[in-house]
Amino acid sequence: MILTGLEIKRRVNDASIHIEPFNDDQITTNTYDLTLGGKLIRYKDEVLDPKKFNAYVEIEIPDAGFEMEKGEFLLGSSAEVIGSNSYVPLIHARSSIARLGLFVHVTADLFDIGAVGQTTFQLYATRKIRLYKGMKIGQVSFWVPKGEIITYTGKYQGSIGPQPSQVHKDFS
């Protein structure tokens with residue numbers, strides 16, 4: 001069962017959903033709009049290796065925006081810190097952004113119960129596109145789980161800003 005936008009607001013007010021900062025104008029019919037934070041990550045190497053740390057550069061998004069190249073892959077993050085110990089957050093692109101050819105969350109849309117932090121967006125541009133800090137880029141829906149809840153305590157807990165892959169830690 002998915003929560004409606006008004007139910008998301010009620011659950012933020014009773015603290016069973018965490019969204020910070022929270023703005024009423026970002027509530028939709030059954031999601032909460034997420035805005036783009038101010039940093040992006042670009043991996044340096046042509047070949048990425050899941051068994052090792054992959055070097056990257058951080059890019060600050062200027063006020064005039066950042067032009068993402070066609071075919072480019074970057075990591076960004078929500079400006080909002082989100083999470084819940086009671087509901088399953090799912091991250092989605094906003095359809096208006098997808099219609100511009102930007103894949104916002106290529107995969108891994110499931111946010112674990114108990115995870116709290118800024119979500120990392122996996123951005124892929126099918127055409128050149130300008131990205132702006134604070135633009136509404138994604139959305140989060142909240143789903144009611146069935147069964148015993150075991151909360152997340154993993155390596156991305158408390159993430160602030162875009163997070164590069166830490167899969168190499170699974171190999172050690």
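**Asking why: a tour through the labels**

Author: Let us start in the loop that runs between β4 and β5, where P62 is located. Please keep in mind that this is a predicted model.

Reader: Why is P62 called partly exposed?

Author: The relative accessibility of P62 is 40%. Buried would need a value under 20% and exposed a value over 50%. The 40% of P62 falls in between, so the label is partly exposed. As for distance, P62 and Q163 are 101 residues apart in sequence, with their C-alpha atoms 20 Å apart in space.

Reader: What makes E60 exposed?

Author: E60 belongs to strand β4, residues 56-60. Its relative accessible area is 55%. Exposed means over 50%, so E60 passes that mark. Setting aside residues within four places in sequence, E60 has contacts with G38 and K39. From E60 to P21 there are 39 residues in sequence and 21 Å in space, C-alpha to C-alpha.

Reader: How do you know that T35 counts as buried?

Author: T35 has a relative accessibility of 10%. Because buried means under 20%, T35 qualifies. T35 sits in strand β2, which covers residues 32-35. Beyond four places in sequence, T35 touches residues including Q26, S77, F121, G134 and I137.

Reader: What makes the link between the side chains of T35 and E80 a polar contact?

Author: The two side chains come to 2.7 Å from each other. The limit for a pair of N or O atoms is 3.5 Å, so the distance between T35 and E80 is within it.

Reader: Let us turn to the rings. Why is the pair of F22 and Y32 called stacked?

Author: By the rule used here, there are three aromatic pairs. In the pair of F22 and Y32, the ring centres are 5.2 Å apart and the planes differ by 20 degrees. Centres must lie within 6.5 Å to pair, and planes under 30 degrees apart count as stacked, so both conditions are met. This pair links distant parts of the chain, 10 residues apart: F22 is in the loop between β1 (18-20) and β2, and Y32 is in strand β2.

Reader: Are F22 and Y32 buried or partly exposed?

Author: F22 has 23% relative accessibility, so it counts as partly exposed. Y32, at 0%, counts as buried.

Reader: And what makes the pair of F103 and Y124 tilted?

Author: Their ring centres are 6.2 Å apart, and the planes meet at 55 degrees. Stacked needs under 30 degrees and edge-to-face over 60, so an angle of 55 degrees leaves tilted as the label. F103 in strand β8 (residues 102-103) and Y124 in strand β9 are 21 residues apart, and their pair links distant parts of the chain. F103, at 47% relative accessibility, is partly exposed. Y124 is partly exposed too, with a relative accessible area of 33%.

Reader: Why do β2 and β7 count as edges of their sheet?

Author: The open sheet has three strands in the order β2-β11-β7, with antiparallel pairing. β2 and β7 (88-93) each have a single partner strand, so one side of each has no neighbour in the sheet. From one strand to the next, the twist averages 35 degrees.

Reader: How do you know that β11 pairs with β2 and with β7?

Author: Strands pair if they share at least two bridges. β2 and β11 are joined by four bridges and run antiparallel, while β7 and β11 have six bridges, also in the antiparallel sense. G138 in β11 stands opposite L34 and opposite A93. Likewise, F142 in β11 stands opposite P89.

Reader: What makes β11 largely enclosed by the rest of the structure?

Author: Six of its eight residues are buried, which is why β11 is described that way.

Reader: Which residues touch the most other members of the largest nonpolar core?

Author: This core has 32 residues, and M68, L102, L123, L131 and I137 touch the most other members. Elements that give two or more residues to the core include α1 (5-13), β2, β6 (73-83) and β11 (136-143). L102, beyond its neighbours within four places in sequence, is in contact with M68, L123, L131 and I137, among others.

Terms used
Residues are numbered from 1 along each chain as its sequence is written. This is a predicted model: local features need pLDDT of at least 70, side-chain atom pairs count only at pLDDT 80 or more; totals for chains, interfaces and linings use all residues. Side-chain values use heavy atoms; hydrogens and water are left out. Buried means under 20% relative accessible area, exposed over 50%, partly exposed in between (1.4 Å probe, protein chains only). A polar contact is a pair of N or O atoms within 3.5 Å; within protein, one must be able to donate a hydrogen and the other to accept it, and residues adjacent in sequence count only if both atoms are side-chain atoms. Contact means heavy atoms within 4.5 Å. A nonpolar core is a set of buried Ala, Val, Leu, Ile, Met, Phe, Trp, Tyr and Cys residues joined through side-chain atoms within 4.5 Å. Rings of Phe, Tyr and Trp (its six-membered ring) pair if their centres lie within 6.5 Å; planes under 30 degrees apart count as stacked, over 60 as edge-to-face and the rest as tilted. Axes are lines fitted to C-alpha atoms, for helices over the stretch in contact, and angles run from 0 to 180 degrees between N-to-C directions.
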